[in-house]
2 protein chains.
Amino acid sequence: MSQPPTQKNRANLRDVAREAGVSVATVSRVLNSPALVQEATRKRVQQTIEELGFVRSAAARAINSGRTQILGALVPTLDNDIFAITLNAMENRLVELGFSLVVATTDEDPEKETRKAKELLDNGVEGLVLTGKSHTDALYQMLERRYVPAVVISCFDTEYRLPTIGYDNHKAAALAYQHLTSCGHEDVVIIHGPTEYNDRTQARLDAIAELQGGQIRRAVETELSVTGGAQAVRNLLDQGSDCDALLCLSDVMAFGALNELNRAGKSVPENLSVMGIQDLPAAAETYPRLTTVHLPVQQMGMQAAEGIADWVVHQERPRPIEVQSTLVKRETVANRW
Amino acid sequence: MSQPPTQKNRANLRDVAREAGVSVATVSRVLNSPALVQEATRKRVQQTIEELGFVRSAAARAINSGRTQILGALVPTLDNDIFAITLNAMENRLVELGFSLVVATTDEDPEKETRKAKELLDNGVEGLVLTGKSHTDALYQMLERRYVPAVVISCFDTEYRLPTIGYDNHKAAALAYQHLTSCGHEDVVIIHGPTEYNDRTQARLDAIAELQGGQIRRAVETELSVTGGAQAVRNLLDQGSDCDALLCLSDVMAFGALNELNRAGKSVPENLSVMGIQDLPAAAETYPRLTTVHLPVQQMGMQAAEGIADWVVHQERPRPIEVQSTLVKRETVANRW
DNA sequence: GACTATTATGTAACTAGTTACATGAAAATG
DNA sequence: CATTTTCATGTAACTAGTTACATAATAGTC
């Protein structure tokens with residue numbers, strides 16, 4: 001039977017010291033600054049560590065250093081690609097910087113986010129990466145009271161109370177919409193995800209409203225997913241409503257939209273144009289290839305990782321960082337002039 | 001200037017005790033078993049905790065309980081949907097069970113996985129969820145030496161040295177291939193991702209090899225992504241090679257394949273059939289809708305969460321759990337009889 | 001009113017490391 | 001050869017909690 005020495009009979013520093021016939025300080029030195037220990041002693045201690053299968057307790061280290069080396073990220077969901085690429089980049093960079101990343105999902109619900117943030121902080125997370133600007137006062141207070149570094153991704157706003165590291169959603173949407181109008185599209189239907197607590201979608205809508213004279217002319221709200229995009233188009237077609245172009249405020253919805261238009265026998269961009277925002281890798285492979293606005297989410301993930309790590313280590317609040325969105329012209333927008 | 005009291009001047013248990021005029025034991029009781037403390041005292045202590053903004057140190061708690069409440073998941077990547085849904089489900093269930101989830105990516109590289117596993121364990125993770133069966137001996141030894149609970153997802157094998165919680169890749173691929181043959185498809189091209197260190201892809205290929213008399217007849221290896229699927233089809237078309245059906249061993253490649261076939265003007269399933277494996281949500285919305293094998297990855301995520309949490313808490317190794325794959329007939333497979 | 005039971009609280013010893021300071025011995029300097 | 005410096009190591013006091021045990025103060029019983 002395998003003994004179940006979960007934590008109990010695991011060797012600790014004192015065991016190693018006793019077994020090797022040295023003091024705890026010496027063992028600690030072998031682990032942390034081996035140069036200070038004579039070679040013979042060091043060898044002996046190292047061998048004892050091997051023999052006893054000794055592993056330093058992370059908790060005990062943390063208690064002394066006040067550092068857990070763990071950061072947390074709160075994202076709305078992992079269920080689609082929108083945040084996955086950012087997280088992937090963030091995780092990779094953080095590991096290089098010596099941190100682990102705890103991921104928690106919020107379902108775009110500020111209350112849930114607050115609860116999860118509390119759990120993460122209670123579990124020893126040293127800093128947080130939040131998504132967007134919609135958070136509860138309780139969360140802000142918690143961060144301030146505990147002096148927890150926290151940065152915000154997926155948006156850019158120098159005035160915001162936390163450092164933002166991301167793209168300007170307003171600009172990105174304007175870029176997309178203006179491309180459509182510059183190609184002669186008059187009647188554009190905006191397909192967007194839920195706006196409740198989603199300031200990024202709201203900012204994109206606001207930008208378009210501005211360009212349409214203060215009021216969005218035609219918009220349909222749907223689920224922020226491939227399925228949502230498909231459903232929106234299905235409804236539009238069922239109602240027999242016509243338009244020049246579809247602007248999906250996120251690529252995933254554009255993917256669904258394109259599929260559904262193909263199914264309905266509508267030619268894109270001959271019958272109508274379609275645009276997305278984000279430029280996921282798959283956007284280059286849709287049929288037809290999706291014209292979209294590129295959001296450098298990978299770069300954002302890396303910068304966020306560096307920003308939060310720096311803040312935690314050097315107690316220096318990072319400046320907001322804007323990553324630039326750019327228009328990617330492919331095949332789903334026609335020139336109507 | 002905001003004081004930078006990162007860790008230092010943060011109030012601790014002793015500060016609260018002194019300020020409230022009670023002993024440290026009483027404060028600890030207020031936090032852990034408030035019923036044992038008289039109401040007046042409890043109120044006073046709670047108020048002092050509020051005033052001083054006292055927050056329990058996770059590290060100090062962990063040192064006593066030997067429990068960090070943190071689990072780790074090692075997945076090949078977050079860059080596409082394949083693992084995102086599983087992780088999402090896992091994270092949600094783990095939070096319910098009182099754990100946090102640290103996510104690390106391995107790029108399907110056992111050495112990198114071993115390094116990351118070590119980092120996670122050194123950072124205090126109590127248990128691991130691994131993906132697939134390709135791991136280094138060093139990793140196995142590390143897990144055994146440290147008595148770290150670890151379960152494996154995305155496969156099912158009762159003989160494996162760690163408990164597997166997942167689907168049987170062999171069965172899933174057989175299910176897909178047999179559907180194609182039962183519909184009269186003779187000449188099937190298998191499109192699959194890299195097999196190096198990817199035992200799941202290998203198991204799927206093995207199943208098909210068996211059904212084809214020991215040797216895969218036609219296969220093309222590509223990147224495990226939408227882009228990869230599209231490229232594979234592009235190459236196939238460029239070479240002018242014909243076939244009855246395309247079996248993509250993962251939905252994401254099927255998405256790319258369908259797009260590319262649409263682009264080439266090939267009718268699916270009239271010209272050729274296409275199948276995927278996984279049944280991502282988007283599979284129901286492709287054009288045409290993708291026939292695939294459903295892998296209940298959400299259920300797998302939940303079960304894995306429960307299995308590893310149980311093992312960590314009750315020191316009881318879970319039994320392997322198989323989640324069943326099922327055929328989902330949609331529109332991309334024609335009957336050739 | 002004395003004796004026991006119950007309840008609330010405190011003391012101090014744990015958990016597993018790190019580290020300032022002290023000590024002793026060997027090496028370098030005058 | 002004595003003195004100072006350097007190096008290796010040990011002692012014990014920290015980090016921030018938890019908890020077994022002791023004690024004091026009520027409450028309940030005979």
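Is N335(A) buried or exposed? Select this residue to begin the tour of what is a predicted model. N335(A) is exposed, because its relative accessible area is 52%, and over 50% counts as exposed. Along the chain, N335(A) belongs to the segment after strand 12 (326–328) of chain A. Display its side chain together with the backbone of W337(A): a polar atom of the N335(A) side chain lies 3.1 Å from the backbone nitrogen of W337(A). Then add A150(A) to the selection. A150(A) and N335(A) are 185 residues apart along the chain, and 44 Å separates their C-alpha atoms.

Next, select helix 2 of chain A. Its residues T26(A), V27(A) and V30(A) are buried. Turn the view to look down the axis of this helix: the buried residues of helix 2 of chain A fall within an arc of 100 degrees, so they line one face of the helix. Now show what covers them; the cover includes helix 1 and helix 3 (39–52) of chain A.

From here, move to DNA strand C and select the residues around it. The strand is surrounded by 28 residues, of which R14(A), S28(A), T26(B), R29(B) and T41(B) are the closest. Of the atoms of DNA strand C that come within 4 Å of the protein, 52% belong to sugar and phosphate. Colouring the surrounding residues by character gives eleven nonpolar, eleven polar and six charged.

Three individual contacts on this surface merit a distance label.

- R14(A): an N or O atom of its side chain is 2.4 Å from a base nitrogen of DNA strand C.
- R56(A): an N or O atom of its side chain is 3.3 Å from a phosphate oxygen of DNA strand C.
- N64(B): a polar side-chain atom is 3.2 Å from a base oxygen of DNA strand C.

With these labels in place, highlight the elements that give two or more residues to the surface near DNA strand C. In chain A they are helix 1 (13–20), helix 2 (24–32) and helix 4 (58–65), and in chain B they are helix 2 (24–32) and helix 4 (58–65).

Finally, display both protein chains and superpose them. A turn of 180 degrees, with a shift of 0.0 Å along the axis, lays chain A on chain B with an RMSD of 0.1 Å. The two copies are therefore related as by a two-fold rotation axis. To locate that axis, select V102(A): in chain A its C-alpha is the nearest to the axis, at 2.0 Å. Both copies use the same surface, and 100% of the contact residues of chain A recur in chain B.

How values were computed: Residues numbered from 1 in each chain as written. Chains lettered and ligands numbered in written order. Predicted model: local features only at pLDDT ≥ 70, side-chain atom pairs only at ≥ 80, totals over all residues. Heavy atoms only, no water. Near = heavy atom within 4 Å. Polar contact = N/O pair within 3.5 Å; in protein donor to acceptor, adjacent residues only side chain to side chain. Helix = DSSP H or I, 4+ residues; strand = E, 2+ residues; numbered from the N terminus. Nonpolar A, V, L, I, M, F, W, Y, C, P; charged D, E, K, R; others polar. Least-squares fit on C-alpha atoms with pLDDT ≥ 70 in both. Contact = heavy atoms within 4.5 Å. Buried < 20%, exposed > 50% of the residue type's maximum accessible area, 1.4 Å probe, protein only. Arc of directions from axis to C-beta.
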